[in-house]
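Work through the exercises below with the structure in view. Try each task before reading its solution.

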Amino acid sequence: QVQLVESGGGLVQAGGSLRLSCAASGRTFSIYSMAWFRQAPGKEREFVAGIIRSGGTTNYADSVKGRFTISRENTENTVYLQMNSLKPEDTAVYYCAARGVGRNYDSWGQGTQVTVSS
């Protein structure tokens, strides 16, 4: 089992930046990829960005391309999400997730609130 703990959320003005962190513990050797998802009030949870642990291949939702960057530090079992040029529509609870090879994302953190004021 993998445990995930997010940190780094907060309140920021539009145009500002935040960096989220996700620390993994437990059976971290089983992790194939990690990702960030977000859920805004009244909306479905949506994929934001993902990274393959070995090799670092990344992918992003169109809505965040060019503004957000996902990265990982394997020695620390940590994944980051650098968020720049934040917009009010980025306001959501951000969740870190992990999965093994051939599996759906089945390990989730508790979430961290990001609020962008206009």
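The exercises cover a sheet, a disulfide, a cavity and a few single residues, all in a predicted model.

**Exercise 1. The sheet**

Task: Find the order of the strands in the open sheet, and state which strands stand at its edges.

Solution:
- Step 1. Trace the order. The open sheet has 4 strands, and they run E1-E3-E8-E7.
- Step 2. Check the direction. The pairing is antiparallel.
- Step 3. Find the edges. Strand E1 (2-7) and strand E7 (68-73) each have a single partner strand, so one side of each has no neighbour in the sheet.
- Step 4. Look at the turn from strand to strand. With direction ignored, neighbouring strands are turned by 20° against each other on average.
- Step 5. Recall what holds such a sheet. Strands of a sheet pair through backbone hydrogen bonds, parallel or antiparallel.

**Exercise 2. Pairs across the strands**

Task: Follow the bridges from E1 to E3, and then from E3 to E8. Which residue of E3 is the bridge partner of Glu 6?

Solution:
- Step 1. Begin at the edge. E1 and E3 run antiparallel and are joined by 6 bridges.
- Step 2. Locate Glu 6. Its bridge partner in E3 is Cys 22.
- Step 3. Cross to the next strand. E3 covers residues 18-26 and E8 covers residues 78-83. These two strands are antiparallel, with 6 bridges between them.
- Step 4. Read off the partners in E8. Leu 20 has Leu 81 as its bridge partner. Ser 21 is opposite Tyr 80. Ala 23 is paired with Thr 78.
- Step 5. Judge how covered E8 is. Of its 6 residues, 5 are buried, so the strand is mostly covered, counting as buried any residue under 20% relative accessible area.

**Exercise 3. The hairpin**

Task: Describe how E7 and E8 are linked, and name the residue in the turn with a positive phi.

Solution:
- Step 1. Count the bridges. E7 and E8 pair over 6 bridges in the antiparallel sense.
- Step 2. Pick a pair. Glu 73 stands opposite Thr 78 of E8.
- Step 3. Inspect the link. The two strands form a hairpin, with 4 residues between them.
- Step 4. Name the residue. Asn 77 sits in the loop between E7 and E8. Its phi is near 50°, a positive value in a residue other than glycine.
- Step 5. Set this against the general rule. Most residues other than glycine have a negative phi.
- Step 6. Find another case. Ser 85 also has a positive phi of about 50° and is not a glycine. Ser 85 lies in the loop between E8 and E9. With 41% relative accessibility, Ser 85 counts as partly exposed.

**Exercise 4. The disulfide**

Task: Which cysteines form the disulfide, and which parts of the chain does the pair tie together?

Solution:
- Step 1. Count. The structure holds 1 disulfide.
- Step 2. Name the pair. Cys 22 and Cys 96 form the disulfide, and their sulfur atoms are 2.0 Å apart.
- Step 3. Place both ends. Cys 22 is in strand E3 and Cys 96 is in strand E9 (residues 92-99), so the pair ties together parts 74 residues apart in sequence.
- Step 4. Decide the hand. The torsion about the S-S bond of Cys 22 and Cys 96 is about -80°, so the disulfide is left-handed.
- Step 5. Check the cover. Cys 22 is buried, at a relative accessible area of 0%. Cys 96 is buried, also with a relative accessible area of 0%.

**Exercise 5. The cavity**

Task: State how much space lies in the largest cavity, and describe its lining.

Solution:
- Step 1. Count. There is 1 cavity of 30 Å³ or more.
- Step 2. Give the volume. The largest cavity holds about 60 Å³ of space.
- Step 3. List the residues closest to its centre. Of the 13 lining residues, these are Met 34, Arg 53, Arg 72, Asn 74 and Val 79.
- Step 4. Name the elements. Strand E4 (33-39), strand E5 (46-52), E7 and E8 each give two or more residues to the lining.
- Step 5. Sort by class. The lining has 6 nonpolar, 4 polar and 3 charged residues.

**Exercise 6. One residue in E9**

Task: Is Ala 92 buried or exposed?

Solution:
- Step 1. Place the residue. Ala 92 is found in strand E9.
- Step 2. Apply the cut-off. Ala 92 has 2% relative accessibility, so it counts as buried.
- Step 3. Add a distance. Ala 92 and Gln 1 are 91 residues apart in sequence, and 26 Å apart in space from C-alpha to C-alpha.

Terms used
Residues numbered from 1 in each chain as written. Predicted model: local features only at pLDDT ≥ 70, side-chain atom pairs only at ≥ 80, totals over all residues. Heavy atoms only, no water. Pairing = 2+ DSSP bridges. Axes fitted to C-alpha atoms, helices over the stretch in contact; angles between N-to-C directions. Buried < 20%, exposed > 50% of the residue type's maximum accessible area, 1.4 Å probe, protein only. Disulfide = S-S within 2.5 Å. 1 Å grid on protein atoms, 1.4 Å probe; cavity = no way out; pocket = protein on both sides within 12 Å on 5 of 7 lines; lining within 4 Å. Points joined across faces, edges and corners; volume = space filled by probe spheres on them. Nonpolar A, V, L, I, M, F, W, Y, C, P; charged D, E, K, R; others polar.
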